[in-house]
Amino acid sequence: MKITFLGTSAGLPTKERNTQTIILSLAPNDNTFWLFDAGEACQHQILHTNIKLGKIDNIFITHMHGDHLFGLPGLLTSRSFQGGENKPLTVYGPAGIKMYIETTLYVTGSHLNYPLQIVEVSDNDILEIDQYKVYVKKLNHGIDSFGYRIQFPNRQGNLISEKLIQQGIMPGPIYQQFKTQSIVEIDGKTYITKEYRQPEQLGKVITIYGDTMPCEAENELALDADVIVHESTYLDGDIDLSHKYYHSHIDDVAQLMQESKAKRILINHVSNRYTTDDIEELKTIISNKYPSLDFEIVKDFDEFEI
């Protein structure tokens, strides 16, 4: 699995950073992509990658602020001409997302050539999408803003081939039965296949947040997550000022990581007042202040394997 950042600025684009857009590749589980937020010009950013619009089958909007969805109508219409024909797409988002999409398509005379489903989410929803579960929690941002915790399925443990060989079972088509069946019979002898596999691997957990100031829902979404993607509009300065505007400060992020025991944090949605040089300097300061914090302040087109 891989997370690609196509927009990492807060509120306004800069010369180096576009507004919020994140792509989650589900490979090797599925050959599809999930899109989280769709900032202005997101489809232009996608052109700089090998991601095809027709392979995006689910879109999650965290909240209705423009820097998170002004690129959505253009992306939806372009998908019709870039491999999306007849391929269903579902958009999840807060109340109002259905009106926004339908009104925009109507007044612009736009027509889609694929089935579009729009689902308005609520606090504590659990979305079951194929083999994945997505837990939805309402955050604290002045308007409805949501975080999405994606639970990936557990993975079957690898075969212990040495143990099979000790039983006289040599590599071949029979190994596929040990991977897919609970019991295998060979020459009248019954084998319990789980005894010949390594322990099941727990599925990864990735949490992607909308804009927020600290709240209890954050901790619930982040608990023991492998990776969280979280805003830190304020990388320094007055923490009270960040909360005044319902945003997070780097100190909030560090506390969330400590309390939730999440393993890694990818920080986005940084204020447009920070230059690239500013961020490099602040990374050193943050690392010194929080030496155990496994973090990265991401920039556009950064990719991270999960």
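Biologist: Which residues have the most contacts inside the largest nonpolar core?
Modeller: A nonpolar core is a set of buried Ala, Val, Leu, Ile, Met, Phe, Trp, Tyr and Cys residues joined through side-chain atoms within 4.5 Å. Buried means under 20% relative accessible area, exposed over 50%, and partly exposed in between (1.4 Å probe, protein chains only). The largest core here has 27 residues, and those with the most contacts inside it are Ile3, Trp34, Phe36 and Phe60.

Biologist: Which strands each supply at least two residues of this core?
Modeller: Strands (E, at least two residues) and helices (H or I, at least four) are DSSP runs, numbered from the N terminus. The strands that each supply at least two core residues are β1, β3, β4, β8, β9, β10, β13 and β14.

Biologist: What pLDDT do local features need in this predicted model?
Modeller: Residues are numbered from 1 along each chain as its sequence is written, and side-chain values use heavy atoms, with hydrogens and water left out. This is a predicted model: totals for chains, interfaces and linings use all residues, side-chain atom pairs count only at pLDDT 80 or more, and local features need pLDDT of at least 70.

Biologist: Trp34 belongs to that core. Which residues does Trp34 touch?
Modeller: Contact means heavy atoms within 4.5 Å. Residues up to four places away in sequence are not counted. Trp34 then touches Asp57, Asn58, Phe60, Tyr132, Val134, Ile129, Ile150, Leu24, Leu26, Ile22 and Ile23.

Biologist: How many residues are in the other core?
Modeller: Nonpolar side chains tend to be buried together in soluble globular proteins. Here a second core lies apart from the largest one. Among its members are Ala217, Ile228, Ile250 and Ile279, and its size is 26 residues.

Biologist: Which strands stand at the edges of the sheet β7-β6-β5-β4-β3-β1-β18?
Modeller: This open sheet has seven strands with mixed pairing. Two strands pair if DSSP finds at least two bridges between them. The edge strands pair on one side only, and they are β7 (116-120) and β18.

Biologist: What is the bridge partner of Thr4 in β3?
Modeller: β1 and β3 pair in the antiparallel sense. Five bridges join them. The partner of Thr4 in β3 is Ile23.

Biologist: At about what angle does helix α2 run to β5?
Modeller: Axes are lines fitted to C-alpha atoms, for helices over the stretch in contact, and angles run from 0 to 180 degrees between N-to-C directions. Helix α2 (residues 72-79) lies across β4, β5 and β6. Its angle to β5 is about 165°.

Biologist: Which strands does helix α3 touch?
Modeller: Helix α3 covers residues 97-107 and packs on the sheet. Its direction makes about 150° with that of β7. The strands α3 touches are β6 and β7.

Biologist: What is the average twist in the sheet β8-β9-β10-β13-β14-β15-β17?
Modeller: This open sheet also counts seven strands, with mixed pairing. β8 and β17 each have a single partner strand, so one side of each is left without a neighbour in the sheet. From one strand to the next, the twist averages 20°.

Biologist: Which residue in β13 is the bridge partner of Gln151?
Modeller: Strands β10 (residues 146-151) and β13 (residues 205-209) run antiparallel. Five bridges join them. Gln151 is partnered in β13 by Val205.

Biologist: How many salt bridges are there?
Modeller: A salt bridge is a side-chain nitrogen of Lys or Arg within 4 Å of a carboxyl oxygen of Asp or Glu. One of them links Lys2 with Glu303, with the closest N and O atoms 3.6 Å apart. Lys2 is in β1 and Glu303 in β18, so this pair ties together parts that are 301 residues apart in sequence. The full count is eleven.

Biologist: Is Asp226 buried or exposed?
Modeller: Asp226 forms a salt bridge with Lys263, the closest N and O atoms being 3.7 Å apart. The two residues sit in loops, 37 residues apart. Lys263 is partly exposed at 48%. Asp226 has a relative accessible area of 16%, so it counts as buried.

Biologist: Which residues are linked with Asp226 in a network of salt bridges?
Modeller: Asp226 already has a bridge to one lysine. The network joins Asp226 to Lys204 and Lys263.
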